[in-house]
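Here's a quick briefing to read with the model open beside you. We'll start with charged pairs, then work through the helices and what sits between them.

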Amino acid sequence: MALESFKAQISMLLEEMINQPEDQHEVQEQLREKLREMRAMGLPLPADLVELEKRLDDDFYAAGN
């Protein structure tokens, strides 16, 4: 999958997080999966998404999960 395709999919996931907060956990998991796929393919990860992933992980662990 091309980098531009990943960017488009991630953009849609971020919009979904905003527009459907009740599905936030599911969308977060989908976002993490996209970032894992990008890493596996050796694609560059945008710094802002790496920071978002870290904040999501911190929030997840702070909540006791």
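By the usual distance rule, this model has seven salt bridges. Keep in mind that it is a predicted model, with a mean pLDDT of 84 for the protein chain and 97% of residues at 70 or more. Side chains of opposite charge can pair when their charged atoms come close.

**Salt bridges within a helix**

- Glutamate 4 pairs with lysine 7, and their closest N and O atoms sit 3.8 Å apart.
- Those two are three residues apart in helix α1, so about one helical turn separates them.
- Glutamate 4 counts as exposed at 56% relative accessibility, while lysine 7 is partly exposed at 41%.
- Over in helix α2, glutamate 37 and lysine 34 are also three residues apart, which again means about one helical turn.
- Their closest N and O atoms are 4.0 Å apart, and the pair counts as a salt bridge.
- Is lysine 34 buried or exposed? At 17% relative accessibility, lysine 34 counts as buried because the cut-off is under 20%.
- Its partner, glutamate 37, is partly exposed, with a relative accessible area of 25%.

**Salt bridges that involve α2 and α3**

- Arginine 39 forms a salt bridge with glutamate 53, with closest N and O atoms 2.7 Å apart.
- Arginine 39 belongs to helix α2 and glutamate 53 to helix α3, so this pair ties together parts that are 14 residues apart in sequence.
- On the accessibility side, arginine 39 comes out as partly exposed at 39%, whereas glutamate 53 is buried at 11%.
- There's also a network of salt bridges, which links Glu29, Arg32 and Asp57.

**Arginine 32 and leucine 56**

- Arginine 32 is placed in helix α2, and leucine 56 is found in helix α3.
- How far apart are the C-alpha atoms of leucine 56 and arginine 32? They are separated by 9.3 Å, although the two residues are 24 apart along the chain.
- Arginine 32 is a charged residue in the network just described, yet it counts as buried at 7% relative accessibility.
- Leucine 56 is buried too, with a relative accessible area of 7%.
- Setting aside residues up to four places away in sequence, arginine 32 touches Glu53, Leu56, Asp57 and Phe60.
- With that same exclusion, leucine 56 touches Met17, Gln28, Leu31 and Arg32.

**The nonpolar core**

- The largest nonpolar core has 11 residues, among them Phe6, Val27 and Leu49.
- Which elements give two or more residues to this core? They are α1 (3–19), α2 (24–40) and α3 (47–62).
- Leu56 is one of the core residues, and Met38 is another.
- Leaving aside neighbours within four places in sequence, methionine 38 is in contact with Leu3, Phe6, Ile10, Leu43, Pro44, Leu45 and Pro46.

**Helix α1**

- α1 has 17 residues and reaches 24 Å from its first C-alpha to its last, close to the 24 Å expected at 1.5 Å a residue.
- Its buried residues are Phe6, Ile10, Leu13 and Met17.
- Looking down the axis of α1, these buried residues fall within an arc of 55°, so they line one face of the helix.
- On the other side of α1, you'll find Glu4, Met12, Ile18 and Asn19 exposed.
- The cover over the buried residues of α1 includes α2 and α3.

**Helix α2**

- The 17 residues of α2 should span 24 Å at 1.5 Å a residue, and the end C-alpha atoms are indeed 24 Å apart.
- The buried set in α2 is Val27, Gln28, Leu31, Arg32, Lys34, Leu35 and Met38.
- Viewed down the axis of α2, those buried residues fall within an arc of 160°, so they line one face of the helix.
- What covers them includes α1 and α3.
- Just after α2, glycine 42 takes a positive phi of about 75°.

**Confidence by element**

- Within the protein chain, confidence is highest in α2, at a mean of 87, and lowest in α3, at 84.

Conventions. Residues are numbered from 1 along each chain as its sequence is written. This is a predicted model: local features need pLDDT of at least 70, side-chain atom pairs count only at pLDDT 80 or more; totals for chains, interfaces and linings use all residues. Side-chain values use heavy atoms; hydrogens and water are left out. A nonpolar core is a set of buried Ala, Val, Leu, Ile, Met, Phe, Trp, Tyr and Cys residues joined through side-chain atoms within 4.5 Å. Buried means under 20% relative accessible area, exposed over 50%, partly exposed in between (1.4 Å probe, protein chains only). Helices (H or I, at least four residues) and strands (E, at least two) are DSSP runs, numbered from the N terminus. Contact means heavy atoms within 4.5 Å. A salt bridge is a side-chain nitrogen of Lys or Arg within 4 Å of a carboxyl oxygen of Asp or Glu. The expected span of a helix is 1.5 Å times one less than its number of residues. The arc is that of the directions from the helix axis to the C-beta atoms. pLDDT is the predictor's confidence in each residue, from 0 to 100.
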